[in-house]
Structures are given as C-alpha cells and as structure tokens.
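Reader: I'm new to this one and would like a close look at a single part. Could you start with a pair of neighbouring strands and then show me what else is worth seeing?

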Amino acid sequence: MAASAPEVGRRTGQVMGFPSEEDQENQSGQVNHGHSASTCNMNGGSLADLQERESEPQAVDCESSEVNMRPEADSDVSDSLPEGQAADSSQLPASNDQAAVPPERKKRKRGRKKKIGYIRKNSKAAPASDAEPKTETRRKTPAKRKLKVISEVPQTPALHDSPAAPESPEMTPGGRPKRRAAKAALEYLHNITKDLEHHDVAPGKRKRDSPDQPASPAQRKASGRGRGQKRKALDYDSDQCDDTDFDPEDNEELDSEEDEEEEEEEEEYRKEMSGLFKKKTAHKHKLVGSNGLSNCAMQPVWTSFRNTKAFREEHSSSWVFSEWIPSVSDWRLLSTSEAELYLPQEEESAAFTLSREGIKEERSLHTMRRFESLPPHAERWDSLFFVGGPVWAMEWCPLPEGAAETQYAALYCNRSGDDRHKVNVLCAEQTLLQLWDLGKLQISRPSSSPQLAYALAIDEGCIWNLKWCPAGAWELPTTDRKAPHLPRLGLIAAAFSNGTIAVYSLPHPKALTAQSQARGEASQAPLIYRVRRIMTVKLGSSQADHNGRSGPCFALDWLPVKPHNILAAGFYDGTVALWDLSTKSSLQRVRSPDRSLCLFPYHCFLAHDHTVRSLSWCRASSELLVTVGDDRMVKFWDITKTCVPLKAIKRFLPTEVSWPILWSGIFQTQECCFTTLGQQGLHYLDSGYLGHKPFFVCTRKATVWSLSMSDWVNSCVMGDNIGDLVFSLLCDPDCNYANTKRHRFPVYRTELVQFRPGQSLKQAQEEEEQEVGDVPLEEPQSYRGAIKKYYLRFIDMDLRSFKKSHEKPLMKKLHTSEIKGILSVDQMPLNALYKVRFNPNMDAHGWVLSAGQSGLVRVHCVRGLSGSLMHKLVHEAQAQFSAMFRSQEPDAAATAVRRCTADTVQVR
C-alpha cells in the first residue's frame, strides 16, 4: 500500500503543494462561473468534498508552505524540472514580472493555544529538485507540523507548466488556489495514513524511520538545546490562523501522546527553574550577624531604637510637677516592732535549682531568706532575689536618656502565699510597697547584687496596679536641696483594694538614709517608712463623695507624652475616670483637714459592662486610649468624645494590653478560657488607621498573665501560668504583618518537680511521707503544702546569641509546649509568672524583670539584641547628659530649687 501511494498521485497528476494543468483549467472555469471551490486535491477528491469544507474557517495560507527558492537560481531550477512540468509561479518569478514572489512573513511568538485535536506532521514534501537539497527543511507550514505521516511513502513532486492566473479572492497571482491545495493535500495524506494503519505499522517505528521528521523533545533536549530554544525552533513562518480549520478524525491517541510530552516537558522546566531560583536566592538569607539573627530581623530593631530616641526627645518633658518634692518631715522610719506588722509572712522561699544552657554546674537545691538575693552570674549576668510573697504589681523606675545611674524597681507582693482577694469587695489591710536597688544595669555585668532600698508601709489594702510618671520626675541623686527637701527619684501612683489611688513622691535612697541617720534614728534592715502621700485620687466630686461605689481599681496608666498630667484608671463596674494632676480648680482639687490633698476626676464614662481589666494610652498621642474588660470587649477611645468608642472588637477574656509608640494597634494577652484551641497567646489588633487584619504574634498553651513591650528594641516579653518567660522579636511596624516571620525565644523555663524520697530539705516532709505510707497524697492546694512537695527548676537559655536556636533543647520544648502542653488545673501554680517588665530606659534597654507565685524575682539581660548602633547612640546620649548636668551641677541645683519655690507659690 505504501509503495502504491506515489502511483496514485502520478495517475491523477497531483502532488502536495503544486497544482497540475488539469487543476488550473478547473480553477479558471470555476473563477469564470463564480464558484469558490477548488479541485486542487492530491488524493483525487471530488469537488463536492471540497465544497463541503467551504463552511470551515479559513486559517492557513499555503503560499508559505513551499520551499524557498533563490531568484538567481530560477533558470537552474527550470532546467532541472522533469519534462512536461514547470515551476509554480508562486515560487519562481514569471518572465513578465506580473507574479511577484510573496514577501517572507515575520516569525511570531508562539503561545499555548486551545487544543482542538490536531495531528502533528511527521514528514514534509520532497524537494523540488536535487539541486537545492539545503532548502528541504528550511520552511514548514503549520499544516505540515501538525500532521504525522509515514516516512516509507516516497513523495515525488510532479510540476506542470501553468501560466499565471489573474489575481482573484480565490486565486494567487501565480494562478494557484489559496489554501484549498493545502487542505486537499492534508486530506490526501491523512487518508494514506489511515490506510497504512490497517497494516499494523507501529507509530513508533514510523517515527524512527522518518528521515524528514523533526527531532522529538527528548532528542532536542539531549542535543543540548534548552526549553526556550526549543520553543523558538518550533516557531516557523505560518499563516495568521495557523490551520485552525483542519480537524482530522481519529487523532485522539496522537493528541494525548503530545499532551503527555508537553506536560512532562513543562514539569521538568518548572523543576529546573524552581531549583535555579532557590540557588539564586539562598545567599540572601545568609546575611546573619554575630548574634545569629539576619539583617532583615534586626533592621526593625535598629530603626525602632533610633525612632524611639527621637520621639522621646521631642515628646517627653524634662521636668514636671516641681512642687511635689519629697520632704524628710513626711517620712517616718518605723521601729522593728512596728515594721513587723507590714512584713510578708513567708520568711523562706521555695527550694529551687538553676540550670544554664551551655554551662555545666552543680544543680544543688537552694533556698533564700526574705529580702535576700543572689549575686549576678559572671557570664550570663542574671540575678535573683526573694521578696516574701506572690508578686502582683511591679514597675521599673523611669530615667532620662543618658543617665547611667542606678536602676530601681517598685513592686508589691501579698503578705502570704495563700492570700485571696475578692475583686468585687473593698478591703483594707497592711502591706508593703518595696523599692529595690538593682545596680547600674548597662550592657555590662552589674557591679552589685539586688538589695531592698526601702519600703513604704501602707494601710489601704493590697495594691492592684502601679505606675510611675513616665518622664520629668527624676533628678540627679547628688542634687543639693535645702532641708528638709530631698532629691526626687520619681512619682508613683498605686491603686489600692479600698478603691482609692495614691500618688507618692519618692526620694533617692542614699539621701533618705543620710537624713535618717542625721536625725539619730536607728538604722536597721530593712528600712520601712510610713509616708504622707502627695495626693489621694478618688471618684465623685467635692460635693458628693463616691465612697468606693465603683469598686476597686484594677487598671492604671499615666499619660506618656508631655505634659504627663493626666492619670487614667479603670474600675470594677466598668467606669473609666480621668484626672488632671496639674489642675488648679477648687472643684477638683480639695484640701483635707489632715493637710492631705484630694483630687476628683474631670471626666468619667462607662467603658464596659463589667470590670475594666486593663487600659493603656497610645504612646504617641494624648487623646487615644484603649481599654479591655471582662465583658470580652476591646474598645478604642478618643477621650475628647467618649460617647461612642472609635472601634469595638469582641475577643477573648483579656489580661493585659499595650499600645507601643511606633504601632498603629495594640498587643493584648488573654486567659485560656473562652479561647479556641491554638488561639491562646499574644494577639495584635489594628486600631483601624492602617486597616491591617489581626494576627497572631506568639502561641501559648496556658493563660498569659502579663505582657511588656519595649519600644527601644521593638520586642515584647510575656509570662504565663506554666512558668515560661518568652521573648518575641516583632516585625517592622510599616510592613504587612501577616506575611512576616515572627521570632520568639524562651528566656527561661520554670518546671515544677516533685521531691524524691530523702531529697526534701525539711524533716517534716519526711515524717509526712512515713505517716502516709503507700496511700497516694492529694494535690496540695496551699502555698506551704506545695513547697513541701515540689521544688522549682529554672532552665535558662543563653541570650548572648541566637545562633542555631532552633536546634537547642529549650527551643524544642517551647514549640512542644505551644501545641501539646499539659495543664494541671488541680495543681498549685507555684511556677506561674504574674508580672514581667521590660526596662523602659535607654541605658538598660535589654533588661527584663519577672516574678510570680513563688515570690522569686529574676533579672535577665537579652544581650543578643545589642549592637554597635545601640552602643553608639547610648554613648552619645550619655555624653549629652553629662554635658548638660555634670558640668554645671551647682548652678543646676540652685536653679531647680528656685524653680520649685516659684511653682509652689503659683499653685497656692
């Protein structure tokens, strides 16, 4: 059958691509009669068959399907043609120049098109003559590319002389029908292919035996041509529509093979490109500093440090409330017997062990006496001290930028580990407000151990919250003031359980001790004073005292921007009150018979339906405030228009909230109740200014009791109910938070470990074990019962560097506790952390305080965040501070005294 194919073509005098004389006669007749069909079919098809195809879309121009011929070789080609044949006028120019050679079409980029069942061509027509063998594979039509035929079929073109036909819509200038010959040739070759398939000729063999078949994709790839070059090689000169009207039957098998080949090639191409992309971009994430963090992670820290310094220089006051200077006459040192009524009842701490990552040391059990401390570690600089009871309020004392002086912290602890205070009941009891001296905390090892500077004896009940005046209240400890005045350390506000808020002016400890000794008072440790407060802050008015009807105050915050004169507080019944501390109005500022000053609010509003758990000023504004309450609502307020909140969001039961300087939203923590699985931890909520969606900062399994933000290093720390202190490095505030990576590291982990037999430090524990015998003990529900059964194991992470932190065991435990942590609700939370605080001062920006149920307060330094930029800015600030205050110290002191006196006269 394959051998008889050429004979069939010769009998009809037709071959693909060249019309015969009979075709031209039929064509001219059809042109004269106005018919649109052509009889130029190489397989002997009838005219009716071609007319049936007239309704199909015209897509292919066969003028470009022939072999390119050079004009200067026209005579040679004409001579080499067989007798009775002539070159087609569409390929060779006529002598009378009436039929011009059609211009060569520009190559166009080939794109993926809709697959409509084409068959790829496997071979092409034979050359017009043996004189031009190089032009056999130069030009291909889309029809030839999309049809597969057998190479065994010899195709000898038979050319006939044909005069140039007049140009018409259906004819070329050379007298050749437009596109009809190509369709007829394709139909003829398709029929041959179908006949050969009946003889069981394998398609693979036909492909291999075809001499003119284009190389397969695999062969082209083996020859070293890439994917891009392959696609260009397939982009031949073709008609605009690319033979879209040809849709042969029975082509599903070949079409599926082509689809599979194309899909395999595309998959290989994607793999190659993805691997190349990874190789090219892998080095970008290798820009890691000496601390193990990439430059992308540290860039927000450097930017935040610089911006915070500039913001505080512009929006912080250097000196406020100059009339509130501490006086020795307001401070009375208590005797030992009097002070005993205010001291915490726990004289000895729970047993504990210290384990530091990367240091092999003896893990022996330790206990500490009340107000005792451990010296800072030689390598890690961390220290520890025992305050005598569970800590529920704690704050650093603010210092001006560049003041490389001693750092202080004020805190409150319950007198007993088993004390319980009802939030809906007003109560009064005797407590202590402690002030601890932590030494000069800079980016170096502290020179001294923590020690109790002095304490304030208070009769108004437990302290729910503490806040220092954020700026302008500190002065140099060497300031020379006239007696009985003392240099001021700061102003602090404390919220008591009896529903009142008191403001105290605290002096520097050294100056107070020197004045006490000068008066002949006995010096004993600890120093406990009864103090007359500066003022008492109450609800109500001068004409109608509120008498604590709103319940105790749980939330307290001082205006962070100058003039630092507004104090905001939230109460049990959902009320939020605002006091202007600098007001001179006689309706708000009232003098009591005992010479104490009482201040009433200038504005109150109902913010929540239940207790206001926490509130925070926007650190960059004096008009924006956020409150969170036990009604599970988060509300943003404009204090100039408090009738409706700016924004209200219903979330989980919150515990604490913070609004940093450089962020347009808040960070809040919550209890684990009312929270779906995996949603506990630290959340960010946008205020609506930028419109960012809320996102999860850090996941925690247990209740997060406390949160503290650091504007200096763009970071936060949080303490939870299972004893984990977690440090989180935040992303850039100006980026899309949802697409950024969040870095978090454990500062330390506190584990509750049961004593082994004979390991307890107390003989009483051993006696209890002997009496009980094999009977299982119930879980102790008291503090003293828990310290007899358990001891604390502190596991510290190396914070000097974060290199390979994901491989450290403590980091793996942190990830495990975030997902699979086990909470023992019936167990006394001896290891719980209730308060954590980042140091707000520039010189000690990396130091963190943490304390909880055990009464053990720990001090850590996150040294891994310090860099050359921070050191440079700190040194510049210290030089500026020294130039302002040290060089003119006597004059500055005298000026401060005169200014204080003048302001006092103005107030009166």
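Author: Sure. Let's start with strand E22, residues 633–638, which is joined to E23 by four bridges, the two running antiparallel. Keep in mind that this is a predicted model. If you want one bridge to find on screen, go to Phe636: its partner in E23 is Lys647.

Now zoom out a little. These strands belong to an open sheet of four, in the order E20-E21-E22-E23, with antiparallel pairing. Which strands stand at the edges? They are E20 (612–617) and E23 (647–650); each has a single partner strand, so one side of each is left without a neighbour in the sheet. From one strand to the next, the twist averages 15°.

From the sheet, let's move on to the aromatic rings. The model has 27 aromatic pairs. One of them is Phe321 with Trp324, a stacked pair with 4.5 Å from centre to centre and 5° between the planes. Are these two buried or exposed? Buried counts as under 20% relative accessible area. Phe321 comes in at 8%, so it counts as buried, and Trp324, at 4%, is buried too.

Another pair to look up is Phe385 and Trp436. Their ring centres are 4.2 Å apart and their planes lie at 25°, so this pair is stacked. It links distant parts of the chain: Phe385 sits in strand E4 (residues 383–386) and Trp436 in strand E7 (residues 431–437), 51 residues apart. Phe385 counts as buried at 1% relative accessibility, and Trp436 is buried at 0%.

Rings can also join up in a group: ring pairs link Trp663, Phe667, Tyr684 and Phe695 into a cluster. Phe667 is a good one to click on. Leaving out residues up to four places away in sequence, its contacts include Val657, Pro660, Leu682, Tyr684, Leu707 and Leu730. The largest nonpolar core has 61 residues, and Phe667, Phe727 and Leu865 are the ones that touch the most other members. There is a second, separate core of 38 residues, with Ala410, Trp464, Leu476 and Ala511 among them.

Last, have a look at a helix. H11 covers residues 295–315, and at 1.5 Å a residue its 21 residues should span 30 Å; the end C-alpha atoms are 30 Å apart, which agrees. Its buried residues include Ala297, Val301, Ser304, Phe305, Thr308 and Arg312. In an α-helix there are 3.6 residues a turn, so residues three or four places apart point the same way.

Definitions and conventions. Residues are numbered from 1 along each chain as its sequence is written. This is a predicted model: local features need pLDDT of at least 70, side-chain atom pairs count only at pLDDT 80 or more; totals for chains, interfaces and linings use all residues. Side-chain values use heavy atoms; hydrogens and water are left out. A nonpolar core is a set of buried Ala, Val, Leu, Ile, Met, Phe, Trp, Tyr and Cys residues joined through side-chain atoms within 4.5 Å. Buried means under 20% relative accessible area, exposed over 50%, partly exposed in between (1.4 Å probe, protein chains only). Contact means heavy atoms within 4.5 Å. The expected span of a helix is 1.5 Å times one less than its number of residues. Two strands pair if DSSP finds at least two bridges between them. Axes are lines fitted to C-alpha atoms, for helices over the stretch in contact, and angles run from 0 to 180 degrees between N-to-C directions. Rings of Phe, Tyr and Trp (its six-membered ring) pair if their centres lie within 6.5 Å; planes under 30 degrees apart count as stacked, over 60 as edge-to-face and the rest as tilted.
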